[in-house]
Structures are given as C-alpha cells and as structure tokens.
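Colleague: Could you take a close look at one part of this model for me, the contact between the two chains? I'd like the details in one go.

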Amino acid sequence: MTGGNGLLAGKGQPGDGQAILEASRFSFWIDKANILRDISFAVRRGEFLSIVGPNGAGKSTLLKCLLRLHQGGRSEGTITVAGRDLGSYGQRQLAKAISYVPQPGGWIPPFTVREFAKLSRFPHASTVAGLSPSDELAVDQALESVGMTGMANRNLKTMSGGERQKAYLAAALAQGAGIMLLDEPAASLDPRHASELAALLEKLNRGQGLTVVMVTHDLNHPLRAGGLALVLAEGERRYFGPASGLLENGVLEKAFRHGFLYLDHPDGRGRLVVAR
Amino acid sequence: MSVPLRVTLLVGLSLAVLAACPFFGLSLISPAALTVPDHPDAEVFWRLRLPRTVAAFLAGAGLSLGGMIFQALFRNPLATPFTLGVSSGASFGASVYFWLGGPVLMWAGSLGPLFSSLLGAFLSMFLVWSITRSRGGFQTAVMLLAGVVINFFFSSLVLFVQYMSDAHDSLRIMHWLMGSLASVETARLAELGFVVIMGTVFVFSLAPQIDLLTAGEELAASRGVRLKTLKLEIFIVASVVVGTVVSLAGPIGFVGLMVPHACRLILGWNHRRLTPAIFFVGGAFLSLCDLASRLVLAPAELPIGIVTALLGGPFFLWILFRANSTGDLF
C-alpha cells in the first residue's frame with residue numbers, strides 16, 4: 001500500500017504484459033446441470049470487460065466462479081489470476097486481488113457507509129490490532145473517489161438505491177484490489193444514477209488503472225465505454241473481443257434470439273443498439 | 001451519545017447489578033454485616049448468595065453469547081441456541097444422564113452431567129452440520145431448517161426419556177428442564193467461568209469476520225472470510241458454551257434471544273463492541289431474573305426458566321410487531 005493515488009495495488013499501464021484474469025476452457029456443473037461450457041477469455045491489467053447475454057446464460061455464475069463463491073459444484077478447465085491458478089489463492093489473498101460489488105437487492109447490511117467500507121479492509125488488517133492508519137486512509141480515499149465523503153456516516157438502510165450502490169462501489173474500492181467484479185450494478189437504478197455509476201467506473205478504470213469486469217444488461221454501455229465484451233448464451237461463449245464487435249455478424253441476434261436496430265448515436269459518437 | 005460511551009455505561013451498569021444482587025433476597029443483607037466477623041448474614045452472603053449470583057451471571061453471559069453469534073450467522077433474531085437445537089441436544093444428554101447416567105458415567109464423577117450435556121449439544125450440532133452438508137454447500141437457510149427439525153427431534157427424545165424413567169428420575173428431569181441456578185455447586189463455577197470467558201475471548205477475536213458475515217455471506221467470502229471455517233467455529237463455540245451452561249443450570253430459554261437483540265438496538269452491529277457488552281448485560285440480566293425467581297413466590301422459588309419465558313414471550317411478540325412490512329425483523 002502506497003500513499004497518494006496508489007489506492008489500487010499493482011498499478012500498471014493499461015493493457016500491458018500478461019493477462020491479469022484469464023479463463024481457459026472453463027466449464028462448470030451444478031449437480032448434473034452444465035451451467036458453463038468451454039469458456040475462454042483473457043483480460044489484461046487496466047482493461048474493461050463487459051459480460052452480456054440473455055437471462056440464464058450463466059453470467060452471474062461465471063462471476064461467482066471467478067470469485068470462488070460457489071459452494072459445491074464441479075469445474076473443469078482453469079482460471080488464473082495474475083498468472084496463478086485461482087485455487088492456489090488463500091481467501092484473504094484472493095480478496096486482495098479481486099474486489100466485488102454484488103447484485104443490488106436483498107438484505108441491506110446494518111452499517112453506515114464508513115463502517116461498511118472499513119469491513120472491506122479485513123484482508124489487510126491484523127487480527128489483533130485491527131485497522132491501521134493506512135487502512136483508514138484507504139477507506140477515506142475510496143469514499144472520496146465515489147464522492148461519498150459527506151455521506152460517510154449515513155446508514156445504508158436509510159439510503160436510496162442509487163446512493164447505496166455508490167456505497168457498495170466505495171466498499172469494493174476500499175478492498176484495494178487491482179480487479180473489480182460487478183454483477184449488474186445498475187440493475188435497479190434510475191437513468192441519472194445509472195449514468196453516474198457508469199461514469200464513475202470509467203473514471204476508476206481510466207484514471208486509476210482499475211481492471212473492471214462487469215455483468216450488465218445495458219448493451220449500450222460497452223459500446224459507449226469501449227473495452228472488451230464477452231457474450232454468453234446457454235452457458236457458451238458466443239463472442240469475445242472488442243466491444244465494437246457486438247455490432248457485427250448478428251452476434252446479439254444469435255445470442256438473444258431477438259432482433260436489434262443499430263442507429264447512429266444522435267450525439268455523433270458511435271452507434272446505439274435498440275431492441276426491436 | 002457515542003457507541004463506546006454506551007458500551008462503557010452498559011458494562012458499568014451491569015457490574016453494579018452484579019455487585020448489588022447478592023445483598024438482596026428473602027432478607028436484605030447490609031454491607032456492614034460483611035465487616036463483622038462470624039456474622040450469620042456474612043455466611044449467607046459468601047457461601048450462598050455470591051456463588052449463586054456469579055453462576056447466574058456466567059450462565060446469562062454464555063447464553064447471550066450463543067444467541068449473538070447464531071443471530072449474526074443466520075441474520076435472524078429468532079435464531080438462538082434454543083431454536084437451533086443446541087439446548088435441546090444438551091437437555092437430551094442431561095436427561096439421559098439422569099435416567100441411566102449413574103452407572104454408565106460413573107467414571108466421570110461429578111462431571112457426568114457436564115459430559116453428557118456437551119455430548120448431546122455436539123450430537124445435535126453434528127446432525128445439523130451433516131444435514132446441511134449433504135444438501136451441498138453450507139447454505140444458511142438449510143442450516144436453519146435443519147436446526148429447527150433437530151430441535152423438535154431432541155425435544156421429543158427428552159419427553160421419551162422422561163416417560164421411560166421412574167417417577168423419581170422423571171421428576172428430577174422435569175425440575176431440571178425448568179432451569180435452576182440453585183443446584184449449581186460452587187465447585188462448578190470455575191469450569192463455567194473458564195468456558196464462558198474463553199468462549200467470549202474467542203468470539204471477540206472473530207468479531208470482524210462476524211461483522212462481514214452479517215453483511216452477507218458472498219460479500220464476506222469476497223472480502224477474505226473463509227465461510228466454512230467460520231461457520232464451524234461458530235457452531236463449536238456455541239455448542240461448548242451453551243452445552244456447559246445447560247448442563248449446570250438447565251435449558252434457560254429466551255436469554256439468548258432478548259439480550260443480543262436489545263444490545264444491537266442500542267449499540268448497532270459492530271461485534272468488537274457488542275461482544276463485551278452482551279457478556280456483561282447478559283450476565284446482569286440473568287442475575288436479576290434469578291433474584292426475581294427467588295422473590296416472586298417467596299419463600300418458595302420459581303424456576304428461573306419460567307421467569308425468562310414469561311419475559312421472553314412478550315419480547316418475541318414485540319420483535320414481530322415492530323418488524324416493518326418487508327418482514328425485516330432486525
């Protein structure tokens with residue numbers, strides 16, 4: 001942990017060197033059901049990967065596999081994080097490498113924004129002494145990055161969904177990992193909060209070199225933000241490559257089994273997808 | 001008022017209750033009597049009332065600790081050592097001891113009830129654990145259901161043992177099931193104190209992980225908590241502490257429900273602060289209940305389990321009625 005802008009461990013130039021997160025021919029079963037088949041992709045440091053696909057395609061399952069959150073289940077193939085097999089990581093070590101923003105909804109933790117962000121320092125804290133000043137600093141920086149400093153003492157239970165999602169983002173950021181995984185972070189947000197969140201993620205990705213892997217239903221987000229896209233359908237990889245590739249060869253039509261219209265964006269920057 | 005200040009106040013108040021309780025009873029003992037050599041009141045104070053108050057304090061602390069960690073694990077205020085089968089497992093162990101124990105557990109001597117209760121507590125926890133594991137993973141909902149089932153199962157077994165016992169043993173079992181601190185021998189206090197205090201220290205060391213667990217299991221795992229290990233640790237410490245308390249004082253209900261819930265309302269969910277507060281408040285609470293059990297029907301004594309149940313029933317309803325429309329009980 002360094003001071004100043006060094007909130008994220010292991011910063012580097014975007015896209016340099018080897019893959020920081022890589023799946024190779026990864027398959028996953030729960031009981032007899034084959035949820036993921038032969039998934040391969042690689043993300044390098046500082047890249048932005050959007051995972052899209054229809055409901056039930058296995059997007060959330062893939063995210064959980066990347067975080068080793070699945071209790072039970074059987075897998076084949078490999079996932080590596082910073083070149084090391086995922087299975088070789090200790091739980092705390094993994095938490096220092098990958099942070100997580102869960103899907104919104106469900107149980108709301110009974111903590112203030114600051115308390116919640118402090119919990120994310122667990123992998124760094126000592127069992128006896130608890131949080132050090134550098135942990136407190138990381139929490140302050142994380143709150144600052146998402147503009148939550150003024151709301152630090154608000155309780156998560158009394159916040160709007162949009163504010164709470166920013167608090168979750170701050171908490172994940174406080175984890176100090178180089179990779180962040182997000183599961184439909186904008187799912188229940190109004191347009192203003194959704195675009196604020198998107199802008200925040202882009203800022204963290206470009207400005208701080210955070211590697212972002214995000215499951216999303218907003219097909220226009222990867223088109224606007226650029227970066228990489230992974231299309232899943234029925235547990236299989238249907239496309240992996242630059243996000244602009246989503247517009248070609250009927251990738252979306254085949255994955256979603258639905259028609260799409262492709263328009264020039266009225267602001268003159270890129271293209272826009274609309275479901276028919 | 002800041003949370004650390006509230007913790008300090010609660011601990012101070014609890015210690016005051018602990019200090020005051022032995023002076024009250026059927027007759028009031030004046031502190032001055034303690035300074036007079038060979039005063040009969042001093043004898044009552046040192047040999048009867050103080051050990052009993054300490055026993056109540058330790059038992060209350062242990063049961064509250066068990067309630068706190070189960071409520072945190074299941075994120076449900078109704079999940080307590082009682083509802084999850086630890087107490088009924090321990091009760092089963094103890095009643096088997098009363099029924100057959102004499103000859104079978106002769107080698108254990110006066111530790112017989114302790115061993116058989118702990119065995120019962122572990123048996124129930126082992127069953128809950130195995131059922132949960134056999135359903136794949138360690139899902140909390142499965143664990144909760146398994147606990148409820150095991151609780152009913154062991155409660156029925158206790159009735160069965162009672163039915164099979166002769167009138168004398170059956171009466172002993174019944175009396176013990178109502179809970180009493182009168183039967184806690186002074187010699188047992190050291191064991192009780194050791195187990196409850198070690199358990200509290202251990203839980204205190206787990207506090208940051210318990211905080212994360214209350215934020216959500218996936219979230220906790222993503223922050224570096226080894227879920228399976230933590231759940232196992234919680235189960236073992238709850239079984240040992242609650243099993244020990246139950247073996248000595250009987251299954252005193254609702255303490256593990258009321259004290260942690262009330263403390264959370266006052267102090268929030270930071271378990272580094274909650275753990276010491278719940279230890280002291282739980283202890284003071286049961287000391288007061290014990291005092292009430294001695295005074296309400298004086299000179300007869302009301303079983304303490306009845307006192308806590310009479311308080312716990314309305315408390316339980318209060319939790320339900322203040323729950324918001326989303327069914328969020330906390």
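Modeller: Here is the contact from the side of chain B, followed by two backbone oddities in chain A. This is a predicted model, where local features need pLDDT of at least 70, side-chain atom pairs count only at pLDDT 80 or more, and totals for chains, interfaces and linings use all residues. Residues are numbered from 1 along each chain as its sequence is written, and chains are lettered from A in the order in which they are written.

The contact draws 22 residues from chain B and 22 residues from chain A, a pair being in contact if their C-beta atoms, placed from the backbone, lie within 7 Å. On the chain B side, the elements giving two or more residues are α7 (186-215) and α8 (217-222); helices here are DSSP runs of H or I with at least four residues, strands are E runs of at least two, and both are numbered from the N terminus. α7(B) gives the most, with six residues. By type, that side splits into nine nonpolar, eight polar and five charged (Ala, Val, Leu, Ile, Met, Phe, Trp, Tyr, Cys and Pro count as nonpolar, Asp, Glu, Lys and Arg as charged, and the others, Gly among them, as polar).

As for confidence, the predictor gives the complex an ipTM of 0.89 and a pTM of 0.87.

Now the oddities. Asp38(A), in strand β2 (residues 33-44) of chain A, has a positive phi near 50° although it isn't glycine. Arg68(A) sits in the loop between α1 (59-66) and β4 (74-81) of chain A, and its phi is also positive, near 60°.

Key:
Contact = placed C-beta atoms within 7 Å.
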